[in-house]
Every structure is written in structure tokens, then in C-alpha cells.
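Please open the structure in your viewer and keep the selection tool at hand. Each stop below names what to select and what is to be found there.

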Amino acid sequence: MLEQLSQDIEKAFAEADELIAAAGNVDELRQAESRLTGKQGTLGALLAAIGKLPQEDRGPAGKEINLAKKEIIDRFATARARLERAADRQAAAGAPAFDPTLPGNVVPRGSVHPVTAVQWEVEEILARLGFIVATGPEMETDYYNFEALNIPALHPARDMQDTFWLTNGRLLRTHTSPCQVRAMERLGPPLRVIAPGRCFRYETEDASHANTFFQLEGLMIDRNISIANLIAVMKLILNEIFRRDVKVRLRPGFFPFVEPGFELDMSCEICGGAGCPTCKRSGWIEILPCGMVHPNVLRFGGIDPREYTGFAFGLGLTRLAMMKYGVQDIRGLNSGDLRAIIRPEQRTGPAIIAKD
Ligand code: FA5
């Protein structure tokens, strides 16, 4: 009897292989599988016939049929996976072809802020003259911001720069000049140093005044440094930044840390010198106060004024960026509105590009 069963199982395997080969898709395969493994199917009929076998053959017969069923289910599973892969390949073939040689989507590249762009340019110009870049803290001490710059407590010159005092007794630096004495202490003479940075003043904002703005301090100390050196460097900076001979005027200026001191103004780029709100209708923009370092300041920095002289300047970087890129109102620079910042028809410099 069991021999007959073995033959029937072999036939069931053959039937399964035939149906698998004939199935063209997953649905047909599923139907074919139930014809073999379903209750009414080939294997179901064999199981149902077990009851007619002699008692001792029933156990081994049931075992053999179940093993065969498992094997047939496996064969169908393998065939199904093969058909599914083929279907996926076909779907992919119907999809638009992917061309890996096509250029990708261009993501617009950001650019640096105009003040940063101008800062980098000035740094490059002065690096060619041997200046190095130094930094100082934005939260300063009274000593470096005022005392060591020849502005003792109660000196009226302190009123020139309205100060944000902090509860810890320090202050937000009102200018980058504190970097002068710090550089003298750290580097000693001779020295050529620039210090760009953010400054803070408690003042009413208007088209050319912000309460937070950028300056770039410059300091050159050596033997025999004169006003001629100072003027040459100031002119070089402006001519290089604007790529032409810039119209400037020099007038006496008072700063306790320089003697003599000057105000170097440039012709307003916004109105061409005719007068506008940006230059307060004067036609000139205060941009580059400067002078010869006061002997007292050299002494505070540990330098002997009988041996060394030097010049210093405090370039208004934010205003320089305004002149270069035609920004009419200083508040536009912090507005985040690009149209407020760059007006291409007024731009005298090259497009601002990110520095690699
Ligand atoms: C000073 O701050 C001096 N420390 C500069 C200096 C350095 C003189 C070394 C001599 C030697 P002043 O307050 O003028 O000076 O500011 C310098 C420049 O910073 C100005 O010419 C102007 O361009 C810019 N500036 C000043 N205040 C503001 C402000 N509120 N908003 C924008 N820019 C300002």
C-alpha cells in the first residue's frame, strides 16, 4: 500500500513542477498551489485516503504526505519569488531611463555677508604689506577700552562713544581700538597688525548709525613711522577696495589715543557727493579715522615712545561695505532682505562670492 502512496506523491511533485512552469504570473501560481495543497487538492485527497489504509501504515503515510506538502509549498515559494523579481525588473524597464551622466540639480550657493566680503578684501590688501590679523574680546574691560587708550575715568572723551555697561563691571567694546594695546603687549615692536570685529554703541539708529557695527583696527609701529606712511596705507586700502582713485578728504580729528588725529572721509558713493540721507546731506562719509599713536598709549603697551612711533586707524567696515555695495541704509545689512542689501546698479565692486 505504501508503495502506491510513494508513486502518488511522485506524481504530485511532477504535477507541481508542471503547474509552476505553466504559471505566467503570481496569481496563476497561487491558484496552481491550491490545486495541490488545498483541502480538495491532490495532497488533500491523499490525506483523506489515509483512513482506508491498514492501521500500521497510517502513521508513516501521514508523515510522508506532510513532508511532500512542505516540499511542494517550498517549490511554489521559490517560483513566486522568481516571478516577483521578474515583474519588478519589467516595471523598472518601463520607467523613464536614468541617465547618470546628466548634471544634477543646481543648488544655489550662498554668499558671504557684504561686511565679511569687504573685511576679507581689506585683510588681503594689508596682508600684502605684512600685517597680521589679531582679535580681541567683544566684552572688554574699562582698562583696554578706555584707560589704556589715554581716556581716564571722567574724561569727557568717554561721551564720544555711548557705552553699554554690563552688570559684571565690564562693557561691550565701543570700538576695536582696545586691540591696539593688547597687540602691543602680546607682540611688542615692531608690529603691523589689524583687528576686525564687532562694536557696540548705545545710540539711536539711523541710515548710517547702528548700535552694532563692524570696525577694522589697524596699527603699525616701527622706528621712523610718519604721517606719510599713514596716508599712503589709507589711500591704498580705499583705492584697492574701489579699484580706482577714491576722492577723500582729511581733516583734523580728536581721539585721545592719537596725536595728531585725523578724520578721513570719502565721497559718498550713494549720491556721488551730491548729498543724501546716508551721508546726512554732506556728500561725505566718515570712514577712516586715524592718527599717530599717542606716546601715552605706547607706554601703556610697554613700548618706548622715544624709540618707536606708529600710526593707527579705525576703519568703519560696515560703512565701507555700504559704500562698496550701494547699501543706502545701514539697517538693511541686518534685515535679511537681500534686495535691501545689494542693488546691482549701484555696486562698484565685483559680485560677492563665497570664499573657499
Ligand atoms: C573710533 O571708534 C576710533 N576708535 C577710531 C580710531 C582708531 C581713531 C585708531 C584713531 C586711531 P569713531 O567713533 O569715529 O572712531 O568710529 C570709527 C568709524 O566707525 C567711523 O568712522 C564709522 O565709519 C564707524 N562707526 C562709528 N559709529 C558707528 C555706528 N554707530 N554705526 C556704524 N558705523 C559706525
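The tour goes from the domains to the ligand and its surroundings.

This is a predicted model, in which local features need pLDDT of at least 70, side-chain atom pairs count only at pLDDT 80 or more, and totals for chains, interfaces and linings use all residues. Residues are numbered from 1 along each chain as its sequence is written, and side-chain values use heavy atoms, with hydrogens and water left out.

**The domains.** Select residues 2–94 for domain 1 and 114–346 for domain 2; these bounds come from an automatic or database domain assignment. The centres of the two domains, taken over C-alpha atoms, are 90 Å apart.

**The shell.** Next, select the ligand and the 25 residues that surround it, each with a heavy atom within 4 Å of it. The closest are His-175, Ser-177, Arg-201, Ala-210 and Glu-286.

**The strands.** Select β5 (212–222) and β10 (309–316), each of which supplies at least two residues of this shell. Strands are DSSP runs (E, at least two residues), numbered from the N terminus. The largest share of the shell, four residues, comes from β10.

**Polar contacts.** Which side chain has an N or O atom 2.8 Å from a nitrogen atom of the ligand? Select Ser-177 to see that pair. Then select Arg-201, where a polar side-chain atom lies 2.9 Å from a ligand oxygen atom. At Glu-203, a polar side-chain atom lies 3.3 Å from a nitrogen atom of the ligand. A polar contact here is a pair of N or O atoms within 3.5 Å.

Conventions: Polar contact = N/O pair within 3.5 Å; in protein donor to acceptor, adjacent residues only side chain to side chain.
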